[in-house]
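Grab your viewer and work through the exercises below. Each one has a task, then a solution that goes step by step.

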Amino acid sequence: MSHVDYVATGQRVLQVELNAIEALRPLIGEDFRRACELLMACKGRVVITGMGKSGHIGNKIAATLASTGTPAFFMHPGEASHGDLGMVTAQDVVIAISNSGEAHEILAIIPVIKRLRAKLISITAHADCSMGRHADVALTIGKSPEACPLGLAPTSSTTNTLVLGDALAVALLEARGFTAEDFALSHPGGALGRRLLLLVDDIMHKGDQVPIVSVGTPIRDALLEITRKGLGMTTVVDANGSLVGLFTDGDLRRTIDQNLDIRVTPIEQVMTPNCLTVPAGILAAQALAEMEARRINGVVVIDDQRRPLGAVNMHGFLKAGVV
């Protein structure tokens, strides 16, 4: 086995592919604009098709488009000839990917795509190929050397195709005014989705789960309420049920240092009067940010009369995956 400098090879591959991407830059021009306009005008779905490595890249492009506001899916060209073309309608735009532009599996279905009157965008190394000549818009990635020393394994070409797909997706994203909140709607199971969609109402303890004591309650009874509700704190309300303060584990530690008789000392003497509150309906992530800014472990959710609607501590945010 001959000696191979793995680091040098890795760096060479990166440089070859970086050069290919740089050569792609001037190819993003009028045809790219026309492709974006065609995709923006699409009333149906964007259908990506490609064979072999181009198909793998097409799958990724379809996923990126779908998650950034452009409904899209991948269609295998081989399966398309055996029934999957039924997924394509006249309202769709098909993006066909092939480095050579001569993939026979794709060329076999182009007449049907045309008969269906779906629009066709090709992504090939150069426009002067069978796919490019049939396309409504022909996008090119250029003919850069592959990083593979044999010049056979798709490397630079697939990287450029992926980069071009990302460029299309981001251009469409910006044109649609797609926001982080829109992104979260298609990623509800991810961390970003939870941070941008989950409301404090969704994770707070509410109803009988909210620890509440009234002004005048002895500290001992307030401790019993904290123990029953398990949040490490209790709200303190006046005769109208409006919040006047909060008593937490931290307040208890400070109370112990004062040598007070917890059996008779009223809770308002040792509570924190200016506690953090948030209104119902705000994002859980926003409530968490306010807690972290004040370095506290709990927050009370109130209505417009300052009546406690709920309470949540750091454990609740951790359990919900907001942290």
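**Exercise 1. Which residues does R45 touch, leaving out those up to four places away in sequence?**

Step 1: leaving out residues up to four places away in sequence, the list for R45 is P71, A72, F73, Q91, D92 and V93. Keep in mind that you're looking at a predicted model.

Step 2: place the residue. R45 sits in the loop that links helix 2 to strand 1 (46–50).

Step 3: check its exposure. R45 has a relative accessible area of 42%, and since partly exposed covers the range between 20% and 50%, R45 is partly exposed.

Step 4: try a long-range pair. From R45 to G232 there are 187 residues in sequence, and the C-alpha atoms lie 52 Å apart in space.

**Exercise 2. Work out how helix 8 (156–176) is built and what it packs against.**

Step 1: start with the span. Helix 8 has 21 residues, and from first C-alpha to last it covers 30 Å, close to the 30 Å expected at 1.5 Å a residue.

Step 2: pick out the buried positions. In helix 8 these are S156, S157, T158, N160, T161, L164, G165, L168, A169 and L172.

Step 3: see what those residues pack against. The helices are helix 1 (6–24), helix 2 (30–40) and helix 3, and the strands are strand 3 (93–97), strand 4 (119–124) and strand 5 (137–140).

Step 4: look just past the end. G177 follows helix 8 and has a positive phi, near 70 degrees.

**Exercise 3. Is strand 8 (residues 233–237) mostly covered or mostly open?**

Step 1: count the buried residues. Five of the five in strand 8 are buried, so call the strand mostly covered, with buried taken as under 20% relative accessible area.

Step 2: split the strand by face. M233, T235 and V237 are buried on one side, while T234 and V236 are buried on the other.

Step 3: find a pairing partner. Strand 7 (residues 212–214) runs parallel to strand 8, with three bridges between them. Across that pair, V213 stands opposite V236.

**Exercise 4. Trace the open sheet of four strands.**

Step 1: write down the order. The strands go 6-12-11-10, and the pairing is mixed.

Step 2: find the edges. Strand 6 (205–206) and strand 10 (277–279) each pair on one side only, which makes them the edge strands.

Step 3: zoom in on one pair. Strand 11 (residues 298–302) and strand 12 (residues 308–313) run antiparallel, joined by five bridges. As a landmark, V299 has V312 in strand 12 as its bridge partner.

**Exercise 5. Describe the largest pocket and the second largest pocket.**

Step 1: take the largest pocket, with a volume of about 390 Å³. It has 22 lining residues, and T248, G250, I296, N297 and G298 are the closest to its centre.

Step 2: ask where the lining comes from. Strand 9 (243–248), helix 13 (249–256) and helix 15 (314–320) each give at least two residues, and helix 13 has the largest share, with five.

Step 3: sort that lining by class. You get seven nonpolar, nine polar and six charged residues.

Step 4: move to the second largest pocket, at about 200 Å³. Of its 14 lining residues, M51, S54, S98, N99 and P154 are the closest to the centre.

Step 5: repeat the bookkeeping. Helix 3 (53–67) and helix 8 are the elements that give two or more residues to this second lining, which by class has six nonpolar, seven polar and one charged.

Conventions
Residues are numbered from 1 along each chain as its sequence is written. This is a predicted model: local features need pLDDT of at least 70, side-chain atom pairs count only at pLDDT 80 or more; totals for chains, interfaces and linings use all residues. Side-chain values use heavy atoms; hydrogens and water are left out. Two strands pair if DSSP finds at least two bridges between them. On a 1 Å grid over the protein atoms alone, a cavity is a set of points where a 1.4 Å probe fits but cannot get out, and a pocket is an open set with protein on both sides within 12 Å along at least five of seven lines; lining residues have an atom within 4 Å of a point. Grid points are joined across faces, edges and corners, and a volume is the space filled by probe spheres set on the points. Ala, Val, Leu, Ile, Met, Phe, Trp, Tyr, Cys and Pro count as nonpolar, Asp, Glu, Lys and Arg as charged, and the others, Gly among them, as polar. The expected span of a helix is 1.5 Å times one less than its number of residues. Buried means under 20% relative accessible area, exposed over 50%, partly exposed in between (1.4 Å probe, protein chains only). Contact means heavy atoms within 4.5 Å.
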